[in-house]
Structures are given as C-alpha cells and as structure tokens.
Amino acid sequence: MDNTIPAKLPLYLHGSWVQSHSHEWLDVTNPATGEVLTQAPYTTEDELQRAIDSASEAFQNWRETPVPARARLMLRYQELLKQHQEELAEILCEETGKTFEDAKGDIWRGIEVVEQAANIAALTMGETVENVASSIDCYSYLQPLGVCAGITPFNFPAMIPLWMFPMAIASGNTFVLKPSEQDPITPCKLAELFEEAGAPRGVLQVVHGGREQVDFLLEHPDIKTISFVGSVPVGQHIYRTGTDHLKRVQAFAGAKNHMVVMPDANKQAVLNNVVGSSVGAAGQRCMAISVVVLVGEAQQWIPEIRDTMAKVRPGYWKDPKADFGPLISPTARERVLSYIANGKAEGASCLLDGSEVKVDGYPNGNWVGPTLFADVMPEMSIYTDEIFGPVLCLVNTDTLDDAIRLINDCPYGNGTSIFTSSGAAARKYQHEILVGQVGINVPIPVPLPFFSFTGWRASFYGDQHAYGKQAVRFYTETKTITARWFDADIEHAEHPNMTIH
Ligand code: NAD
C-alpha cells in the first residue's frame, strides 16, 4: 500500500487508478486542523458507466471462480489489512479526526467481517431434502446476482465499506463502491490493499461523489443491489429510488439509542460505560448512546454522571490525552451547536455545555466538548432528533414499563442497552423492546460478524441486514432444483453396449 495521500484522489476503474476528467472537485479536509488533505472528484457519467461496464464484464469470470479461490482472496486480504492496520489508522485519523485507538477499532471491526467472508463456502451452503416425492430430491444453491453497489457514510470509513464489498465479492458478485465524499481516502487505501491481495481486475471499482453519482447508480439497470449506510432522509430516498428501479436494497439509517439504568445496576459499571458510549468518536456513531433513561432512584446518580463526563475532552489524534476528536465538518459542528442552543431554549437543564470548548494549538478544528442535558422531555428536539455529536440527554422515568414505552414510541430502533443486576428486568427488556440490537450491561451492542447488524424500524429499510448469513442471502439468489433420475439409466450405464445393437 502506498501510504502517501495524492493531491487529487483517483478513481479505481477497471483495475487501474485513474484521474477523473471531472470539472468538479471537493476538498477533503482534516477536521482537527482545517487543512486540505486532497481533492475528490464528482465522477462523470462516462466514468460511472465505465465502472459498471467493467464490473459487469468482470462478473462473467468471477462468478465462475471456485468458492475456495474466492475465500483465499479474503484470507490474503485480511492478512494485509492486519499488516497495514496502523498505517491505515493514521490516514483514517487524518481525515476523520478520530483518536488512534478508535481508528484502529474502525479498521479492526472491518477486518473481522473479512475474516468471516473467508468462510464463504460454509456460509453459502444451500439446503437439501431427499425424497420429496418418490425418487425425487430437492436442493438449493445460492448464486451471485451480478454488479452490487455500496454507498457509505463518513463515520466509519473502514468498517462500513468492509461490511459490504468483501461479503458481496466473496459471494461471487462484483462491486462498485461510492464512499463518503467527506473521507474517501481510507476507502481508496482499502481498495489498494484488495488489489494487492490479488483481486482480479474489475471485481471492485471505487468512484467518488455525492447525490448525482448515487442517483446514477440507483437508476442504472445493470446494478442489482444497493447497500447504503447513512442518515434517515437519504436512506429513505435510497430505498424508494432503488426499489422503484426494481433493485434489492438494504438501507441502514440514523438512530437515537437509549440506555436504561435501573436502580439496582452496578453504579460503577454505569459510570464507566456511559461516557465512552455517548461522547466517544464525538458521538458520531450510529450505535452511540444519546439518551440515558434513569429509572427511579438511579436519578440520584446524575451528579456523578456529570462529574465523570466533565473529565473527558476532545483533542488532536496525536495527543494521547485526547478522549475523542472533532466533528467531521464545520457544518456538522454548527448543527450540533444549534441543537445545544435549542435544548437550552426548550427548557432542559444544561449540566455541561461543550459549545465553547477550545483545543490549544488547533483553532480551526470542529470541536464540541461533552454536553449533558437533564430533565429532557420527549417532545424536545434534542430528544426527537439524531444530533450526532457529543451530547447526552438524561430522561427520568418511574418504572421500567415507562422506559420501555418511551423507547418503543421513539421511531428509531438501531441499538439499546439496559444496566441492571436483575435477570428478570433484563429478560423483560430484551423481550419487549422494539429495537434490533440489545445490550445487557453492555453499552454498544454491535454484533460480531457471525451474526448480522440488525437495526429495526426507522434505523433500517429492507429485510436482509449487513454481514453474517443475512449478507450472503442479500447478495445471492436462491436456485432450487428438483431432480429425478430413472433406474433405467443405471442399467444403461452398467451395460452401455446393450443399446448399440
Ligand atoms: P449521509 O446520509 O449524509 O451520507 C451517506 C452517503 O449518502 C454518502 O456517501 C453521501 O455521499 C450520500 N448522500 C448524501 N446525500 C445524498 C442524497 N441526497 N442522495 C443520494 N446520496 C446522498 O450520512 P453521513 O452524514 O455520511 O453519515 C451519518 C449518518 O449515518 C448518521 O445518521 C448515522 O446514524 C448513520 N449511520 C447509520 C449506521 C447504521 O448502521 N444504521 C451506521 C453508520 C452511520
């Protein structure tokens, strides 16, 4: 992998890194310094068409490539990703502002999916039933679909592309990736390593851009599936447009994740977990805890939550004391600041306000410090909207039933957690809550890749989720064969000469 960042980011088309002919380019900046790292093109229609044509052509050979050969590509790839994890993490830190540990985690969680993709033979097994009728057997195969596309968000520029293309390609498809225009360097490095691992020409293509480029992919008849991760309005647009063009679509969208704290919870565990899960990565995680629901006497812990949160601070990724980084852009920062102002105007108690935070030496960073609101009511915009910043809302309820009602009334259903020492409370919660990923004394319950990432309701549009068995289902079509062979043919095989006369 070449660790330098080019002044202009190339496209990865037909197995080559090529300069776009676009007249429109977008600055990719370091969010801690404001420095321009590179420029990414808004890929032209001709270039997008070339990517799709090349992926269609590559599919003809790739679909015939034996499954163990596809698995071995993934084995080589996961090994290269591990070898280059630290270099990748440095690039990721530069373009996202994440802390080094967090950046390594972003890559690691992607590597785990590649490890799983190396297990494709077992994942892709069909089903068989012998003797569905006299001497008739029935069996199914999972076959690849063709060219798949992925549209990814800024907040996990390694993990989320790696949720997608390794599983799609291991399943026998080819792939066009359109990463976030805000941090497209890391995804290009992922593609460079994939090439180094031996990916055949055309199996993966990387294009850059925004809405127009995405719409081109959504409407193109040769693209069979769309995998999207991003915000709710864009997710809805992707799902509607993609399905309107008769494609298979999985769209992972925004979130508002609640942590319920019961009075019998281990207080130290709550304090240890609440801060990292809410302000870690500056709150820019789809599984971040953005609301803590304090049930009954747990409300007495508010001062300690405040004190614990007051100790963390943002900073530049090379500063080992930085707990989290900046917001991705000045626009994202302004948006978070406006929510903080709204929260105050709407009457919530602002116990910590990170609006004015400064980081020495980095005057141009998009910093927001840890912010804590208590007495938050469900109709306030800081409760109803995904803020995507280091802002935590505390809501009080009297009972677990009230907490469950509150959360089930919230349209989002990505992740949630409960902290309690009662098995009965945990069991009731896991059963009744309308959220797809539940942690019990675990703050951010992201499933490992042998399961799937299973957000619900407004946090997901589609049916088959990311990675695991569901991803293989998403990226394949089932072919079911009903077969009968005649006994007379055995006699013919045993006595071939008999029929010659
Ligand atoms: P975003 O929706 O702004 O952008 C996501 C992708 O869509 C980007 O590649 C972007 O270029 C493209 N895009 C943007 N506007 C578009 C439009 N109008 N038409 C077509 N394409 C468009 O999201 P973001 O700000 O990059 O990421 C943050 C969001 O992603 C948050 O809402 C977060 O919750 C969500 N997210 C969800 C999950 C999940 O698994 N549910 C995971 C990570 C992030």
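Reader: Which residues of helix H8 are buried?

Author: This is a predicted model, and in it the buried residues of H8, which spans 211-219, are Gln213, Val214, Asp215, Phe216, Leu217 and Leu218.

Reader: OK, and what do those buried residues pack against?

Author: Two helices and three strands: helix H1 (45-62) and helix H9 (232-244), plus strand E7 (147-151), strand E8 (174-178) and strand E10 (223-229).

Reader: Switching to another pair of helices. At what angle do H4 and H6 pack?

Author: About 10°, with the axes of H4 (residues 100-117) and H6 (residues 159-170) 8 Å apart. An angle under 35 degrees counts as roughly parallel, so that is how H4 and H6 run relative to each other.

Reader: Which residues meet there?

Author: From H4 you get Asp106, Ile107, Arg109, Gly110, Ile111, Val113, Val114 and Ala117. On the H6 side they meet Met159, Leu162, Trp163, Pro166, Met167 and Ala170.

Reader: And how does that contact split by class, nonpolar, polar and charged?

Author: The contact of H4 with H6 has eleven nonpolar residues, one polar and two charged.

Reader: Let's do a sheet. What's the strand order in the open one with three strands?

Author: E5-E6-E22, with antiparallel pairing. Strand E5 (128-133) and strand E22 (476-484) are the edges, each pairing on one side only. Neighbouring strands in this sheet are turned by 30° against each other on average, ignoring direction.

Reader: How many bridges hold E6 and E22 together?

Author: Nine, between E6 (residues 136-144) and E22, in the antiparallel sense. One example is Asp137, whose bridge partner in E22 is Ala483.

Reader: What's in the loop between E5 and E6?

Author: Ser135 sits there. Its phi is near 65°, a positive value in a residue other than glycine. Most residues other than glycine have a negative phi.

Reader: Is Ser135 buried or exposed?

Author: Neither label fits: Ser135 is partly exposed, because its relative accessible area is 44% and the partly exposed class lies between 20% and 50%.

Reader: Where is Asp375, and what's its phi?

Author: Asp375 is in the loop between strand E15 (371-374) and helix H13 (381-384). Its phi is near 55°, again a positive value in a residue other than glycine. Asp375 counts as partly exposed, at 41% relative accessibility.

Reader: Now E18. Which of its residues are buried on each side?

Author: Thr416 and Ile418 on one side, Ser417 and Phe419 on the other; they are all buried, so both faces of E18 (residues 416-419) are covered.

Reader: Which strands does E18 pair with?

Author: Strand E12 (residues 257-261) pairs with E18 in the parallel sense over four bridges. E18 is also joined to strand E19 (residues 438-440) by three bridges, and those two run parallel as well.

Reader: What does Thr416 face in those pairings?

Author: Thr416 is the bridge partner of His258, and it stands opposite Val438 in E19.

Reader: One more residue, Glu192. Where is it, and what does it touch?

Author: Glu192 is in helix H7 (residues 185-196). Leaving out residues up to four places away in sequence, Glu192 touches Met1, Asp2 and Trp17. At 18% relative accessible area, Glu192 is buried, since the cut-off is under 20%.

Reader: Last one: what does UniProt annotate over residues 17-481?

Author: The unreviewed UniProt entry gives "domain: Aldehyde dehydrogenase" for residues 17-481. In the model that span is 40% helix and 21% strand, and its end C-alpha atoms lie 42 Å apart.

Note on methods: Residues are numbered from 1 along each chain as its sequence is written. This is a predicted model: local features need pLDDT of at least 70, side-chain atom pairs count only at pLDDT 80 or more; totals for chains, interfaces and linings use all residues. Side-chain values use heavy atoms; hydrogens and water are left out. Buried means under 20% relative accessible area, exposed over 50%, partly exposed in between (1.4 Å probe, protein chains only). Contact means heavy atoms within 4.5 Å. Axes are lines fitted to C-alpha atoms, for helices over the stretch in contact, and angles run from 0 to 180 degrees between N-to-C directions. Angles under 35 degrees count as roughly parallel, over 145 as roughly antiparallel, 65 to 115 as roughly perpendicular and the rest as oblique. Ala, Val, Leu, Ile, Met, Phe, Trp, Tyr, Cys and Pro count as nonpolar, Asp, Glu, Lys and Arg as charged, and the others, Gly among them, as polar. UniProt positions are given in the numbering used here, feature names are shortened, and annotations may be inferred rather than shown by experiment. Two strands pair if DSSP finds at least two bridges between them.
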